[in-house]
Amino acid sequence: LKAADAASVAGHAFRAMALVKQALADLAETADPLGRAELLLATARYSIPIDSETDALQATAAALRLVPADPPTALRARITAWQARALLALGRNSDVSRWAQEAIETAAAVGDPEAAAEARTTLAVLDKRLGDPVAATSALREVRDQARARGQLTAELRAGYNLATIYFDNGELVPAVATYESTAHRA
């Protein structure tokens with residue numbers, strides 16, 4: 001996982017995916033289910049940037065079978081947030097809200113604001129897709145600002161990028177460019 005994270009941060013998404021897939025292949029059948037779930041979650045995280053949303057959804061679905069909803073855990077919150085994100089990427093809008101809401105509730109129960117930010121960003125992108133860019137813009141600003149205040153760079157960058165994209169799609173080029181530039185600067 002550490003090697004895959006390093007590869008991903010260095011911009012080598014395919015290498016990150018290969019490392020995680022090899023780790024899963026090498027994992028004994030009797031291995032700790034939570035360890036397997038962590039690897040499956042990593043598979044989902046590295047699948048989406050390389051346009052392999054189906055792999056992401058399969059990985060999160062498998063991970064969800066390994067991590068029960070009760071008691072709530074940070075791992076379950078992260079998996080459900082990525083389940084929602086994979087469903088969004090595949091255009092399965094009707095399922096996105098359910099999983100994102102579970103992620104937000106679980107994250108609140110276990111004190112994982114980063115998982116909540118991931119899910120809230122996904123819901124905002126869904127709002128935009130369903131025709132409510134005003135709600136999406138407001139939600140993304142809030143997620144971005146809260147993530148910045150907590151020092152959660154990944155959540156901040158995702159929210160900032162999606163906020164800039166909404167501005168661009170609405171023809172608001174000045175705020176789009178400013179938001180893209182400030183997000184790139186933070187990155």
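## Surroundings of helix α4

In this predicted model, the elements covering the buried residues of α4 include α3 (33–47), α5 (74–89) and α6 (93–110). The buried positions of α4 are Glu53, Ala56, Leu57, Ala59, Thr60, Ala62, Ala63 and Leu64.

Helix α4 runs over residues 53–66, a total of 14 residues. From first to last C-alpha it reaches 20 Å, close to the 20 Å expected at 1.5 Å a residue.

## Thr54 in α4

Thr54 also lies in helix α4. Its relative accessible area is 46%, and it is therefore classed as partly exposed, a category lying between the 20% limit for buried and the 50% limit for exposed. The C-alpha atom of Thr54 is separated by 7.6 Å from that of Ala86, although the two residues are 32 residues apart along the chain.

## Gln83 in α5

Gln83 is located in helix α5. With a relative accessible area of 7%, Gln83 is buried. Setting aside residues up to four places away in sequence, Gln83 touches Leu57, Thr60, Ala61, Leu64 and Trp99. Of these partners, Leu57, Thr60 and Leu64 are among the buried residues of α4.

## Helix α3

The 15 residues of α3 should span 21 Å at 1.5 Å a residue, and the end C-alpha atoms are indeed 21 Å apart, in agreement with that expectation.

Buried residues in α3 are Arg36, Ala37, Leu39, Leu40, Leu41, Ala42, Thr43, Ala44, Tyr46 and Ser47. Their cover includes α1 (2–9), α2 (13–26), α4 and α5. Helix α3 in turn is among the elements that cover the buried residues of α4.

Technical notes. Residues are numbered from 1 along each chain as its sequence is written. This is a predicted model: local features need pLDDT of at least 70, side-chain atom pairs count only at pLDDT 80 or more; totals for chains, interfaces and linings use all residues. Side-chain values use heavy atoms; hydrogens and water are left out. Helices (H or I, at least four residues) and strands (E, at least two) are DSSP runs, numbered from the N terminus. The expected span of a helix is 1.5 Å times one less than its number of residues. Buried means under 20% relative accessible area, exposed over 50%, partly exposed in between (1.4 Å probe, protein chains only). Contact means heavy atoms within 4.5 Å.
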